[in-house]
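Work through the exercises below with the sequence and the model open beside you. Each task is followed by a solution that goes step by step.

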Amino acid sequence: MSHLCSVLCVSFQHAKFAAAGLQSIYEQTYRDIEVIVLDDGSSDNSVEVIEAMLAESPFPTTFIKQANSGNVPANFNKVLDAASGDFVTMMSLDDLLMPDCIANAVEVLSRDLNIVFAANTGHYEIDGNGRQITDVIHLPAPENHPETAEDLIELEYSCLGSFYIQGQVFRRDALMAVGGFDDTMTGDDIILRTRLFQHMVRHPELTFALGNNVVLSYRKHGSNLHQNTFRQIKTVVQWKEKYFPERAYPDLFFKWLEALIERSIKQDRPEDIRNASELSPQVAQFIRDKQKTWAYRRRITKRKIRKLFGA
């Protein structure tokens with residue numbers, strides 16, 4: 001018995017990449033697919049590119065065009081609400097799906113109704129021109145595979161992430177059961193995963209499948225959200241305070257904070273440090289402690305000297 005899989009795509013300023021992203025869907029070996037695309041008010045010619053590609057789609061399509069919201073979770077909820085498949089997978093149109101990613105996952109999910117999602121750890125990174133820039137990367141590493149929903153939550157917490165949601169296949173009813181994405185928060189994938197993992201803990205009959213296949217080529221380019229360090233910091237603060245209020249911030253979070261401080265100094269953006277300080281008392285204290293150090297003051301002084309002499 002075939003199961004419809006809805007491929008949920010969100011795009012913003014992806015005119016250069018959208019055709020390749022959609023083509024990677026059309027080349028899926030699994031053929032019971034519908035394609036749902038939302039463009040979030042792109043000012044380039046993304047809409048024209050997407051419309052031309054959807055006209056050539058071998059699968060049923062839906063195209064949602066809207067003014068820019070900048071709300072990634074809300075945008076994914078819109079395409080999720082428009083989906084009619086038993087299964088869903090998600091992608092940004094600057095990325096590429098591997099040809100067998102849906103087929104392999106659907107085969108696993110079809111074996112057992114209690115399997116909530118079939119995910120794989122492998123991906124490549126590609127540049128803005130589609131050139132592969134890494135060997136296979138596994139998130140998580142095969143030796144760190146979680147076995148239970150509790151393990152998934154611990155992995156999510158300690159590593160501030162477990163696996164990319166792009167190219168993974170979920171039961172749509174499970175995502176709807178947790179309310180999909182939280183559109184009141186900055187983050188998207190880490191919030192969705194945490195909600196789903198906690199739902200699975202409350203329902204111990206539910207399980208998951210995690211393999212090591214390569215399912216995605218993740219494109220790294222100038223406008224990736226992952227390069228917005230302040231957004232990442234804000235996401236983690238909101239996520240931690242809502243879902244883990246009694247726990248201390250993981251060590252990795254403070255490394256991200258240090259990276260934010262370094263970048264703000266290098267780019268002469270003190271407002272990033274001020275804005276981060278307003279996120280939580282713990283963040284503010286960490287930044288105050290850093291600002292008292294000799295290393296911080298030396299970097300600030302060197303930056304001012306370089307700026308003074310136009311260096």
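Helices, taken as H or I runs of at least four residues, and strands, taken as E runs of at least two, are DSSP runs numbered from the N terminus. By that numbering, Asn 275 is found in helix 10. The model is a predicted one.

**Exercise 1.** Decide whether Asn 275 is buried, partly exposed or exposed, and state how far its C-alpha atom is from that of Lys 234.

Solution. Begin with the cut-offs: under 20% relative accessible area counts as buried, over 50% as exposed, and what lies in between as partly exposed. Asn 275 has a relative accessible area of 34%, and so it is partly exposed. For the second part, take the C-alpha atoms of Asn 275 and Lys 234, which are separated by 9.4 Å although the two residues are 41 residues apart along the chain.

**Exercise 2.** Describe how helix 1 and helix 2 are placed relative to each other, and list the residues that make their contact.

Solution. First locate helix 1 at residues 18-26 and helix 2 at residues 46-55, and note that their axes come within 9 Å and cross at roughly 25 degrees. Angles under 35 degrees count as roughly parallel, and helix 1 is therefore roughly parallel to helix 2. The crossing of these two helices is right-handed. On the side of helix 1 the contact is made by Ala 18, Ala 19, Leu 22, Gln 23 and Tyr 26, and on the side of helix 2 by Val 49, Ile 50, Met 53 and Leu 54. Sorted by class, the contact of helix 1 with helix 2 has 8 nonpolar residues, 1 polar residue and no charged residues.

**Exercise 3.** Find the buried residues of helix 11, explain how they are arranged around its axis, and then examine its packing with helix 9.

Solution. In helix 11, which spans residues 281-291, Val 283, Ala 284, Phe 286 and Ile 287 are buried. Looking down the axis of helix 11, one sees these buried residues fall within an arc of 160 degrees, so they line one face of the helix. It helps to recall that an α-helix has 3.6 residues a turn, so residues three or four places apart point the same way. The buried residues of helix 11 pack against helix 8 (229-243), helix 9 (251-266) and helix 10 (270-277).

Now turn to helix 9, which packs with helix 11 at an angle of about 55 degrees, the axes being 11 Å apart. Helix 9 and helix 11 are therefore oblique to each other, and their crossing is right-handed. The contact is made by Phe 253, Phe 254, Leu 257, Glu 258 and Ile 261 of helix 9, together with Val 283, Phe 286, Ile 287 and Lys 290 of helix 11. By class, the contact of helix 9 with helix 11 has 7 nonpolar, no polar and 2 charged residues.

**Exercise 4.** Place Leu 152 in its surroundings, and then follow helix 5 to the residue after it.

Solution. Leu 152 is found in helix 5, and with a relative accessibility of 1% it counts as buried. Once its neighbours within four places in sequence are left aside, Leu 152 is in contact with Phe 117, Pro 146, Phe 163, Phe 197 and Phe 208. The buried residues of helix 5 are Ala 149, Leu 152, Ile 153, Leu 155, Glu 156 and Tyr 157, and they pack against strand 6 (115-126), helix 7 (189-202), strand 9 (207-219) and helix 8. Helix 5 is followed by Leu 160, whose phi is positive, near 50 degrees. Leu 160 lies in the loop between helix 5 and strand 8 (169-171), and it is buried, with a relative accessible area of 9%.

**Exercise 5.** Describe the backbone at Gln 13 and at Pro 140.

Solution. Start from the general expectation that most residues other than glycine have a negative phi, and most peptide bonds are trans. Gln 13, in the loop between strand 1 and helix 1, has a positive phi near 55 degrees, and it is partly exposed, with a relative accessible area of 28%. Pro 140 is found in the loop between strand 7 (137-138) and helix 5 (149-159), and the peptide bond leading to it from Leu 139 is cis, with omega near -5 degrees.

Methods. Residues numbered from 1 in each chain as written. Predicted model: local features only at pLDDT ≥ 70, side-chain atom pairs only at ≥ 80, totals over all residues. Heavy atoms only, no water. Axes fitted to C-alpha atoms, helices over the stretch in contact; angles between N-to-C directions. Parallel < 35°, antiparallel > 145°, perpendicular 65-115°, else oblique. Left-handed = near helix turned anticlockwise from the far one by under 90°. Contact = heavy atoms within 4.5 Å. Nonpolar A, V, L, I, M, F, W, Y, C, P; charged D, E, K, R; others polar. Buried < 20%, exposed > 50% of the residue type's maximum accessible area, 1.4 Å probe, protein only. Arc of directions from axis to C-beta.
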